[in-house]
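Hi everyone, and thanks for making time for this. I'd like to walk you through a structure that may be new to you, so let's put it on the screen.

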Amino acid sequence: MKAFRFVAWGRPPEFAEVPIPEPGPGQVLVKVTAAGVCHSDLHIFDWPAGMLPWKLPFTLGHEVVGKVEALGPGVKAPEIGTAVAVYGPWGCGTCRACRMGMENYCERSAEMPGAGVGLGFDGGMAEYVLVPSPRLLIPIGDMDPIQAAPMTDAALTPYHAIKAGLPLLVPGSTAVVIGVGGLGHMAVQILDAISPATVIAVDKDQRKLDLAKRVGAAQMVPAGEKAADAIRKFVGPVGANAVFDFVGSDETIALAAKVVRPAGRVFVVGIAGGSFAFSFFSIPYEAAISSTYWGSSVELQEVLALAAGGKVKAAVETFALDDVATAYSRLRAGDIEGRAVILPASSKVPVGAGFEKARAN
Ligand code: NAD
Ligand code: ZN
Ligand code: ZN
């Protein structure tokens with residue numbers, strides 16, 4: 001089958017012909033119906049060798065939805081043909097964090113060969129993906145796979161951060177969302193769906209601010225020198241209860257620290273690699289600043305329930321697998337509204353023969 005692979009650090013990914021994997025004991029083979037394109041992959045393409053201890057090459061694609069194609073020995077469920085979302089962060093499965101469904105914070109992550117599907121392990125930018133265990137699959141019923149794919153990261157990641165911020169997001173509160181891209185446009189909707197906070201969206205691109213407005217943000221603020229003053233006009237002089245930064249540059253973290261209120265919290269979700277000089281006086285009293293990484297499998301179930309109930313909807317543009325490189329370059333150029341989603345089944349390249357279908361045990 002044709003797969004879009006990350007082959008070497010500092011080198012653009014490329015297509016390769018790889019065998020369709022056969023599920024071994026405990027594993028599940030999934031036929032991919034949709035795979036989202038995340039900005040994190042662009043960071044990975046840019047990072048120098050040694051930044052992450054992953055084994056290369058691997059197939060990209062960490063927002064994956066598909067249908068169960070075959071079960072390895074010992075696997076009884078889910079049934080062949082079941083539509084599933086792949087829970088992306090793959091931990092050891094047995095440590096305390098993993099047992100709580102928080103494989104994103106697996107205690108043995110340093111021993112793992114990768115971080116998850118499409119991140120050190122083969123991902124969904126191919127016709128099939130091999131999933132190490134059925135525990136990493138969540139049935140999605142009849143949900144549109146094009147909608148479900150972005151839920152596994154573009155929505156799950158902000159959902160996790162927003163849930164952590166919920167105690168601060170009381171009636172009358174304000175939340176600032178910086179960067180209204182794939183993650184940010186989901187964040188605006190999740191905040192509206194699960195909190196009473198008024199949402200202020202910030203972006204450097206007017207088209208993204210228009211999207212923010214369409215998905216329910218109350219106020220739109222262009223990024224730049226005047227952004228802090230403009231935000232304060234809406235949140236008041238005390239500052240915002242929570243700030244969700246989906247960029248993570250020096251500039252955006254500084255802006256977040258400037259507009260958060262005392263005892264508020266800044267969530268740095270974007271991994272642009274910016275830094276912030278902490279001192280007693282560089283952030284309001286008792287305000288906290290932290291990163292967050294992806295979300296738990298239980299939170300994925302919750303976010304899929306929000307989507308199923310029509311409470312959050314991804315703005316998507318679809319691409320054939322053959323056009324995946326175009327999707328990445330358009331994302332880099334800031335030219336994707338919401339999320340780009342790859343549909344591997346629409347690839348024109350024929351699938352290799354000889355695969356023993358539906359080898360149930
Ligand atoms: P995206 O490209 O779809 O969206 C980024 C948005 O930020 C765009 O709308 C862009 O116009 C805007 N932006 C860029 N610079 C800005 C600035 N200085 N001020 C205001 N807005 C600005 O990207 P995405 O896929 O939504 O990912 C966002 C970030 O989150 C990336 O850094 C990605 O790697 C990261 N990410 C982190 C996690 C995690 O678990 N922490 C998970 C997924 C993605
Ligand atoms: Zn991602
Ligand atoms: Zn673990």
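Let me start with a question for you: is R339 buried or exposed? R339 turns out to be buried, with a relative accessible area of 3%. Please keep in mind that we are looking at a predicted model.

R339 is a good place to begin, since it appears in two parts of this talk. One part is the ligand: R339 is among the closest residues to ligand 1, together with H39, S40, D203 and W294. The other part is a salt bridge, which R339 forms with D153, where the closest N and O atoms are 3.9 Å apart. This pair connects distant parts of the chain, with D153 in helix α3 and R339 in strand β18, 186 residues apart. D153 counts as buried because its relative accessibility is 5%, and the cut-off for buried is under 20%.

Now let's look around the ligand. How many residues surround ligand 1? There are 29 of them. Sorted by class, that shell has 12 nonpolar, 10 polar and seven charged residues. Four helices, α1 (39-46), α3 (145-165), α4 (182-194) and α7 (250-259), each supply at least two residues of the shell. The largest share, three residues, comes from α1.

The backbone takes part here too. A backbone N or O atom of G182 sits 2.9 Å from an oxygen atom of ligand 1. For G181, a polar backbone atom is 3.5 Å from an oxygen atom of the ligand. V269 offers a polar backbone atom that is 2.9 Å from a nitrogen atom of ligand 1. And how much of the ligand does the protein bury? Taken alone, ligand 1 exposes 870 Å², and the protein buries 92% of that.

Let's move on to the salt bridges. Searching the whole structure gives 14 of them. One is between the side chains of D322 and K2, at 2.5 Å from N to O. Here again, distant parts of the chain are linked: K2 is in strand β1, D322 is in the loop between β17 (316-320) and α9 (324-332), and the two are 320 residues apart. K2 has a relative accessible area of 17%, so this lysine is buried.

Another salt bridge joins E103 and R135, with the closest N and O atoms 2.6 Å apart. E103 lies in the loop between α2 (96-99) and β7 (116-117), and R135 in the loop between β9 (128-131) and β10 (137-139), so the pair ties together parts that are 32 residues apart in sequence. Are both partners covered to a similar degree? Well, E103 is buried at 7% relative accessible area, whereas R135 is partly exposed at 37%.Finally, a word on the cysteines. How many disulfides does the structure hold? The number is zero. Two of the cysteines you can find on screen are C98, buried with a relative accessible area of 5%, and C106, which counts as buried at 6%.

To wrap up, R339 is the residue to remember: buried, among the closest to ligand 1, and joined to D153 by a salt bridge. Thanks for listening!

Notes: Residues numbered from 1 in each chain as written. Chains lettered and ligands numbered in written order. Predicted model: local features only at pLDDT ≥ 70, side-chain atom pairs only at ≥ 80, totals over all residues. Heavy atoms only, no water. Near = heavy atom within 4 Å. Polar contact = N/O pair within 3.5 Å; in protein donor to acceptor, adjacent residues only side chain to side chain. Areas by Shrake-Rupley, 256 points an atom, 1.4 Å probe, with all protein chains shown as cover. Nonpolar A, V, L, I, M, F, W, Y, C, P; charged D, E, K, R; others polar. Disulfide = S-S within 2.5 Å. Buried < 20%, exposed > 50% of the residue type's maximum accessible area, 1.4 Å probe, protein only. Salt bridge = Lys/Arg side-chain N within 4 Å of Asp/Glu carboxyl O.
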